[in-house]
Amino acid sequence: MVIMSKEQRRSDSFVVRIWWERGDGAQSVWRGWAQHAASGKQHYFADVAQLLAFIEAHTGSLSHAPARNADKRRGQSQ
């Protein structure tokens, strides 16, 4: 069995489920649940920011590509 570091993996898999719940009064709110496939860790969330934080805890920042991917893209565009 080969164990890859976070830096070696180029993708991660998650199972995400979202649903509407009746909130206070007549207003409905959405809720969600996510599971990281590799570790089995799960998290319930009430907004997109919480979902993103859970995913980034396993992948690193999603706002920037890993350095080696950025280097490859720069090399291709030159």
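A salt bridge is a side-chain nitrogen of Lys or Arg within 4 Å of a carboxyl oxygen of Asp or Glu. The structure shown above is a predicted model, in which local features need pLDDT of at least 70 and side-chain atom pairs count only at pLDDT 80 or more, while totals for chains, interfaces and linings use all residues. Residues are numbered from 1 along each chain as its sequence is written, and side-chain values use heavy atoms, with hydrogens and water left out.

The protein chain contains two helices and three strands. These elements are DSSP runs numbered from the N terminus, helices being H or I with at least four residues and strands being E with at least two. Along the sequence they follow the pattern β-β-β-α-α.

The strands provide the setting for the one salt bridge that the structure holds. In this salt bridge the side chain of Arg31 meets that of Glu21, at 3.6 Å from N to O. The pair links distant parts of the chain, since Arg31 belongs to strand S2 (residues 28-36) and Glu21 to strand S1 (residues 14-22), ten residues apart. In general, side chains of opposite charge can pair when their charged atoms come close. Arg31 is partly exposed, with a relative accessible area of 29%, and Glu21 is likewise partly exposed, at 32%. Here buried means under 20% relative accessible area, exposed means over 50%, and partly exposed lies in between (1.4 Å probe, protein chains only).

The interior may be considered next. Of the 78 residues of the protein chain, 13% count as buried. The largest nonpolar core has five residues, namely Ala34, Phe45, Leu51, Phe54 and Ile55. Its largest share, three residues, comes from H1. A nonpolar core is a set of buried Ala, Val, Leu, Ile, Met, Phe, Trp, Tyr and Cys residues joined through side-chain atoms within 4.5 Å.

One member of this core, Ala34, has contacts (heavy atoms within 4.5 Å) beyond its neighbours within four places in sequence, including Val15, Val16, Phe45, Leu51 and Phe54. Across the protein chain, residues 24 or more positions apart account for 26% of the contacts with a separation of 6 or more.

Helix H1 (residues 48-59) also contains His58. His58 counts as buried because its relative accessibility is 12%. The C-alpha atom of His58 is separated by 9.8 Å from that of Lys41, 17 residues apart along the chain.
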